[in-house]
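Open the model in your viewer and keep the selection box handy. We'll go from stop to stop, picking a few residues each time and looking at what is there.

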Amino acid sequence: MRNHTPVTEFVLTGIPHTNGLENVLFVLFLAFYLLSLLGNLLILLAVLTSATLHTPMYFFLGNLSVFDIFFPSVSSPKMMLYLMGQSRTISFQGCASQLFFYHFLGCTECFLYTAMAYDRFAAICHPLRYTVIMNYRVCAILTLGTWMGSCVHASALAFLIFKLPYCGPNEVDSFFCDIPVVLPLACADTSLAQTVSFTNVGVVALVCFLLILTSYARIVVAVLKISSSQGRRKAFSACSAHLASVLLFYGPVVLIYLWPASSPRLGSVVPVLNSIVTPSLNPLIYSLRNKDVKVALRKALIQGVHACGA
């Protein structure tokens, strides 16, 4: 180590095989980023302004919108500066911050989907006791536990990765700092850090996914017992938006962290989908398939227009 200079900044190499497409990618990613911000802000506005949406289901949906605003903001601004030909470097502290917030928000969203699955389970399988099971205290505890658990998870990962010495090379083979691209740059044995970090991510994702599957297995059994076809259709419709969001979220996670033989090209494209594209699709999924959200949003926008006109 005495013969090496500690790394003080990293160089982001961007997305491989995209030379000459910077302007196109900039417009595309900017559109997705703005769509994500606008869509999630509108969902949040509908939840906050409509008294009919002050229920546990929409409380968690509002939380999801908050996280989908911040999640793409971790990597998108720096990536768009890169595509504009601005600085491609990121400080050591900035790289550590990116990794922390990426896993903090990602883990929070993972826990949040699990809480939403439990909420749907309580609503469909125990409708008469739903207000007792999902009372204000339970929702507050689940939300606080989500925040705190994610903070501990991300702090452990960031400490584990960045306590290692980095003395060159300093080129991060991606458009933002994450474990698979930062850890190989350490000039020390990374086997322990790699095993612990990927086990940590894998256990959190797997446990949450199994809990979601368990909830939906119970939901399917309960729905099939409903005698009327209209009742079954209504129950499945109430869960379809959440299930679609879960699949969009877990698909990239599996490919990034749990797929043993993913190709370099796949490994560079999937994080883009996970951090930019998916957060922009959630508002479309929930607003287009949810009548209550559409009505509440329409009322909020009309009231806003009238207030501006007055």
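What follows is a walk through a predicted model, one selection at a time.

**Stop 1: the annotated spans**

Start by colouring the stretches that UniProt labels "transmembrane region" in an unreviewed entry: residues 24–48, 60–80, 100–118, 138–162, 201–224, 236–260 and 266–288. Now pick out two of them. Residues 100–118 are 100% helix, and the C-alpha atoms at the two ends sit 27 Å apart. Residues 138–162 are also 100% helix, with 36 Å between the end C-alpha atoms.

**Stop 2: a histidine in α6**

Select H153, which you'll find in helix α6, residues 136–162. Is H153 buried or exposed? Its relative accessibility is 8%, so H153 counts as buried. Show its surroundings next: leaving aside residues up to four places away in sequence, H153 touches H103, C107, N200, V201 and V204.

**Stop 3: aromatic rings**

Switch on the side chains of the aromatic residues. The model has 14 aromatic pairs. One of them is F59 with F60: the ring centres are 5.5 Å apart and the planes meet at 65 degrees, which is over 60, so this pair is edge-to-face. These neighbours don't share the same surroundings, though: F59 is partly exposed at 35% relative accessible area, whereas F60 is buried at 0%.

Move on to F67 and W147. Here the ring centres lie 5.2 Å apart and the planes are at 50 degrees, so the pair is tilted. F67 belongs to helix α2 (residues 56–70) and W147 to helix α6, so the pair ties together parts that are 80 residues apart in sequence. F67 is buried, at 1% relative accessibility, while W147 is partly exposed, at 37%. Add F100, F101 and F104 to your selection, and you have one aromatic cluster made of F67, F100, F101, F104 and W147.

**Stop 4: a sheet of three strands**

Change to cartoon view and look for the open sheet, where 3 strands run in the order β2-β1-β3 with mixed pairing. The edges are β2 (89–91) and β3 (171–172), each pairing on one side only. Which way does each strand pair with β1? Strand β1 (residues 9–12) and β3 are parallel, over 2 bridges, whereas β1 and β2 are antiparallel, over 3 bridges.

Zoom in on V11. The bridge partner of V11 in β2 is T89, and in β3 the partner is E171. One residue along, L12 has V172 as its bridge partner in β3. Now turn β1 around: F10 and L12 make up the covered face, and E9 and V11 the uncovered one.

**Stop 5: the nonpolar core**

Keep F10 selected and add F162 and Y166. In the largest nonpolar core, which has 84 residues, these three touch the most other members. Helix α4 (residues 92–125) gives this core its largest share, 19 residues. Centre the view on F162 and show what surrounds it: not counting residues up to four places away in sequence, F162 touches F10, F92, C95, A96, L99 and V182.

**Stop 6: the cysteines**

Last, select the cysteines and show their sulfur atoms. How many disulfides are there? The count is 2. A disulfide is a covalent bond between the sulfur atoms of two cysteines.

Begin with C95 and C177, whose sulfur atoms are 2.1 Å apart. This disulfide links distant parts of the chain, 82 residues apart: C95 is in helix α4, and C177 is in the loop between β3 and α7 (179–182). Both C95 and C177 are buried. Look along the S-S bond, and you have an angle of -120 degrees, making the link left-handed.

Then go to C167 and C187, a disulfide with 2.1 Å from S to S. C167 is in the loop between α6 and β3, and C187 is in the loop between α7 and α8 (191–224), 20 residues apart. C167 is buried, with 12% relative accessibility, but C187 is partly exposed at 28%. Count the bonded cysteines along the chain, and the disulfides follow the pattern 1-3, 2-4.

Finish at C208, which is in no disulfide: the nearest cysteine sulfur belongs to C110 and is 3.6 Å away. Why does C208 count as buried? Its relative accessible area is 4%, and buried means under 20%.

Technical notes: Residues are numbered from 1 along each chain as its sequence is written. This is a predicted model: local features need pLDDT of at least 70, side-chain atom pairs count only at pLDDT 80 or more; totals for chains, interfaces and linings use all residues. Side-chain values use heavy atoms; hydrogens and water are left out. Helices (H or I, at least four residues) and strands (E, at least two) are DSSP runs, numbered from the N terminus. Buried means under 20% relative accessible area, exposed over 50%, partly exposed in between (1.4 Å probe, protein chains only). Contact means heavy atoms within 4.5 Å. UniProt positions are given in the numbering used here, feature names are shortened, and annotations may be inferred rather than shown by experiment. Rings of Phe, Tyr and Trp (its six-membered ring) pair if their centres lie within 6.5 Å; planes under 30 degrees apart count as stacked, over 60 as edge-to-face and the rest as tilted. Two strands pair if DSSP finds at least two bridges between them. A nonpolar core is a set of buried Ala, Val, Leu, Ile, Met, Phe, Trp, Tyr and Cys residues joined through side-chain atoms within 4.5 Å. A disulfide is a pair of cysteine sulfur atoms within 2.5 Å.
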